[in-house]
Amino acid sequence: MRRCLLLGTILTLALAGPTRACSIQPDPRPFSERLAAAPRAFIGLVTAVTPKETTFAIEHALHGVKGTKIALRNSPPSTCVIQFEVGSRWLYAGDMIMDPSIPLGPAQ
């Protein structure tokens, strides 16, 4: 019984995989090129954050979005994912820290 429990624990840990720090490869392109290459880009205010998605009120659309709000599916949790907070303003161009997103501070 003890062996089964130990084996089960080891198997569970192995399948879960290790937690790794984000290893970012620098993007040599200028910021403007990285921003233009992003599938969507806008300036917006974070209005809601759930484990599955982050909702923004769009203040200024750059490209890839329409309307005044958008709910975007969050990437799986990791040290490479931006942690958005309700009330913060962003130049959004992706939710990974290597994306050209920039925090603009709290709502004014």
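Start with the whole chain in cartoon view: its secondary structure comes to 2 helices and 5 strands. This is a predicted model. Follow the cartoon from the N terminus, and the elements run α-α-β-β-β-β-β.

**The whole chain**

Keep everything selected for a moment and switch on a surface. The chain exposes about 7800 Å², and carbon and sulfur atoms supply 61% of that area. Of the 108 residues, 29% count as buried. Among the contacts with a separation of 6 or more, 39% are between residues 24 or more positions apart.

**The sheet**

Hide the surface and select the strands. In what order do the 5 strands of the sheet stand? The order is β3-β2-β1-β4-β5, the pairing is antiparallel, and the sheet is open. β3 and β5 (residues 102–106) stand at the edges, each with a single partner strand, so one side of each has no neighbour in the sheet. Turn the view to look across the strands: from one strand to the next, the twist averages 35°. As background, strands of a sheet pair through backbone hydrogen bonds, either parallel or antiparallel.

Next, select residues 41–49, which make up β1, and residues 53–63, which make up β2. These two strands run antiparallel and are joined by 8 bridges. To see one position across the pair, pick G44, which stands opposite I58 in β2.

**The aromatic residues**

Show the aromatic side chains as sticks. The structure holds 6 aromatic pairs. Begin with F42 and Y92, a stacked pair with 5.0 Å centre to centre and 20° between the planes. This pair links distant parts of the chain, as F42 is in strand β1 and Y92 is in strand β4, 50 residues apart. Both F42 and Y92 are buried.

Now move to F56 and F84. Their rings form an edge-to-face pair, with 5.4 Å centre to centre and 80° between the planes. F56 lies in strand β2 and F84 in the loop between β3 and β4, so the pair ties together parts that are 28 residues apart in sequence. F56 and F84 are both buried.

Add W90 to the selection. Which aromatic residues form one cluster with W90? They are F42, F56, F84 and Y92.

**The loop residue I82**

Keep W90 on screen and select I82, which lies in the loop between β3 (69–73) and β4 (88–92). Is I82 buried or exposed? I82 has a relative accessible area of 12%, and it counts as buried because the cut-off for buried is under 20%. Leaving aside residues up to four places away in sequence, I82 touches W90, G94, D95, M96, I97 and S101. Pick I97 from that group and show the C-alpha atoms: those of I82 and I97 are separated by 5.6 Å, with their positions 15 residues apart along the chain.

**The salt bridges**

Finish with the charged side chains. Side chains of opposite charge can pair when their charged atoms come close. The structure holds 3 salt bridges.

Select E59 and R89 for one of these salt bridges, in which the closest N and O atoms are 2.7 Å apart. The pair links distant parts of the chain, with E59 in strand β2 and R89 in strand β4, 30 residues apart. E59 is partly exposed, at 43% relative accessibility, whereas R89 is buried, with a relative accessible area of 16%.

Then select D27, R29 and R34, which are linked in a network of salt bridges. The side chain of D27 meets that of R29 at 2.8 Å, N to O, and the side chain of R34 at 3.8 Å, N to O. How exposed are the members of this network? D27 is partly exposed, at 31% relative accessibility, and R29 is partly exposed too, at 35%. R34, at 18% relative accessibility, counts as buried.

Methods
Residues numbered from 1 in each chain as written. Predicted model: local features only at pLDDT ≥ 70, side-chain atom pairs only at ≥ 80, totals over all residues. Heavy atoms only, no water. Helix = DSSP H or I, 4+ residues; strand = E, 2+ residues; numbered from the N terminus. Buried < 20%, exposed > 50% of the residue type's maximum accessible area, 1.4 Å probe, protein only. Contact = heavy atoms within 4.5 Å. Pairing = 2+ DSSP bridges. Axes fitted to C-alpha atoms, helices over the stretch in contact; angles between N-to-C directions. Areas by Shrake-Rupley, 256 points an atom, 1.4 Å probe, with all protein chains shown as cover. Salt bridge = Lys/Arg side-chain N within 4 Å of Asp/Glu carboxyl O. Phe/Tyr/Trp six-rings, centres within 6.5 Å; stacked < 30°, edge-to-face > 60°.
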